[in-house]
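I opened the notebook to look up charged side chains and a few chain totals. The entries follow in the order I made them.

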Number of protein chains: 2
Amino acid sequence: MEEKIIDLITKTVMKELSSKESGGIPIGVSARHIHISRKDLDTLFGEDYQLKKKKELMGGQFASAEMVTIVGTKLKAIENVRILGPIRSKTQVEVARTDAIKLGINPPVRESGDLKASAPIAIVGPKGVVYLEEGCIIANRHIHMSPKDAFRFGVRDQEIVTVEIVGKRGGTFDDVQVRVDESFTLEMHLDTDEANGMGIISGDHVVLKKKMKA
Amino acid sequence: MEEKIIDLITKTVMKELSSKESGGIPIGVSARHIHISRKDLDTLFGEDYQLKKKKELMGGQFASAEMVTIVGTKLKAIENVRILGPIRSKTQVEVARTDAIKLGINPPVRESGDLKASAPIAIVGPKGVVYLEEGCIIANRHIHMSPKDAFRFGVRDQEIVTVEIVGKRGGTFDDVQVRVDESFTLEMHLDTDEANGMGIISGDHVVLKKKMKA
């Protein structure tokens, strides 16, 4: 019993220490979503279609009002997958592993934009369909931050770090990529599997740990 | 680049060290499933219905051939949820957080059998339906082991430990409950969110770490 109390106190203190005020990093959980090219948006929603902004996101991105259905190579579908704006040079579908299993596909864990030999996927919109030979990935764990934040944490762009998650179902995530850019607001992006498996939600905080050298 | 090579070597060695031969603990990933009472099996499949054994599991349990549909309080459904045998004194539905979000319910993270004030759920079978006022949980992370294994690892029943996951998407899980019984085969049980978020599958191995005292 005493051990349980010590454990509870430790966790309460750790939770406080991991808050934003104490230098913690806020979590943004990314549900499955799509980034779309001008050409593919034309195909799916009609020529010169403009995405409707539903919610502002970090770094000038936004959740649009538009949703599509994605279909894997075994013809399994997931409906209501949201498009994020603004449009990009290439269309990219980001799913969690749980989604991939449902779709019957095997996408690699990748940094956004690294689509070479990624999984094939079909996208169905109200005005047409797009088949991507490659374009579906599981996003890698990453933290967006400004150069000022990078200096504060003592990390650099592309560095791989570990973060600690405090909670009733806590632990650590290794293999977390740091991305530094003037336009970035401090935020760690996890997919739904990662967040749900660790019992955390958007707005919770994690603590950055420098990677131990071997 | 040199850092990447060191990292790769470290992980390869760690992966080897975490194998069964080196004292690693095999993972069993639990997809959403149901344990069923005699009374509820009668309702869902007909009086005196006998579950058909499809696959043997640890400790005398088995995956049955029978599946049901579960429906949450917002009337969202998940189909093809497998029943595990043999029958138990109480019906219990175990889902991952991702499933719970889909179902629109909020089950607590609990040890199997601890159903007090857990989430309500409806179960639909070919011959009838069952509505549980409480009975749906998210299973806590746990490791089954024999007293001999417990001695070897230096842990006791109900102890909370940490495990390390080595991989491209690795990390650690805290808050892992140890369960010791003569009938248990050494196996760590994770749900699909936890396994998918850490990039591991059934048959992979993890390394047990004694919990650090505060």
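**Loop lysine and surface charge**

I started with B:Lys74, which sits in the loop that runs between strand S4 (62-71) and strand S5 (77-88) of chain B. The model is a predicted one, and I read every entry here with that in mind. I then asked whether B:Lys74 is buried or exposed. B:Lys74 has a relative accessibility of 61%, so I put it down as exposed, the cut-off being over 50%.

I next looked up the charges around this lysine. B:Lys74 belongs to a patch of positive charge on the surface, together with B:Lys76, B:Lys102, A:Lys74, A:Lys76 and A:Lys102.

**Chain A totals**

I noted 5 helices and 14 strands for chain A. Chain A has 214 residues, and 50% of them are buried. I looked up its contacts with a separation of 6 or more and found that 66% of them are between residues 24 or more positions apart. I recorded an accessible surface of about 10,900 Å² for chain A, with 56% of that area on carbon and sulfur atoms.

**Salt bridges**

I listed the salt bridges over all chains and got 24.

In chain A, I checked A:Arg38 and A:Asp42, whose side chains form a salt bridge at 2.7 Å, N to O. Both residues lie in helix H2 (residues 38-45) of chain A, and because they are 4 residues apart there, about one helical turn separates them. A:Arg38 is partly exposed at a relative accessible area of 25%, and A:Asp42 is partly exposed at 23%.

I also entered the salt bridge between A:Arg156 and A:Glu159, at 3.5 Å, N to O. A:Glu159 has a relative accessible area of 9% and is buried.

In chain B, I looked up B:Lys209 and B:Glu164, which form a salt bridge with their closest N and O atoms 2.8 Å apart. Which parts of chain B does this pair tie together? B:Lys209 is in strand S14 (residues 205-209) and B:Glu164 in strand S11 (residues 160-165), so the bridge links parts 45 residues apart in sequence. B:Lys209 is partly exposed, with a relative accessible area of 35%, whereas B:Glu164 is buried at 17% relative accessibility.

My last entry concerns salt bridges that share partners: they join A:Arg141, A:Asp191, A:Glu194 and B:Arg169 into one network.

Terms used. Residues are numbered from 1 along each chain as its sequence is written. Chains are lettered from A and ligands numbered from 1 in the order in which they are written. This is a predicted model: local features need pLDDT of at least 70, side-chain atom pairs count only at pLDDT 80 or more; totals for chains, interfaces and linings use all residues. Side-chain values use heavy atoms; hydrogens and water are left out. Patches are made of residues with over 30% relative accessible area and no salt bridge: like charges are joined within 9 Å, nonpolar side chains (Val, Leu, Ile, Met, Phe, Trp, Tyr) within 5 Å. Accessible areas come from the Shrake-Rupley method with a 1.4 Å probe; for residues, only the protein chains shown count as cover. A salt bridge is a side-chain nitrogen of Lys or Arg within 4 Å of a carboxyl oxygen of Asp or Glu. Lys and Arg count as positive and Asp and Glu as negative; His and the chain ends are not counted. The place of a charge is taken as NZ of Lys, CZ of Arg, CG of Asp or CD of Glu. Helices (H or I, at least four residues) and strands (E, at least two) are DSSP runs, numbered from the N terminus. Buried means under 20% relative accessible area, exposed over 50%, partly exposed in between (1.4 Å probe, protein chains only). Contact means heavy atoms within 4.5 Å.
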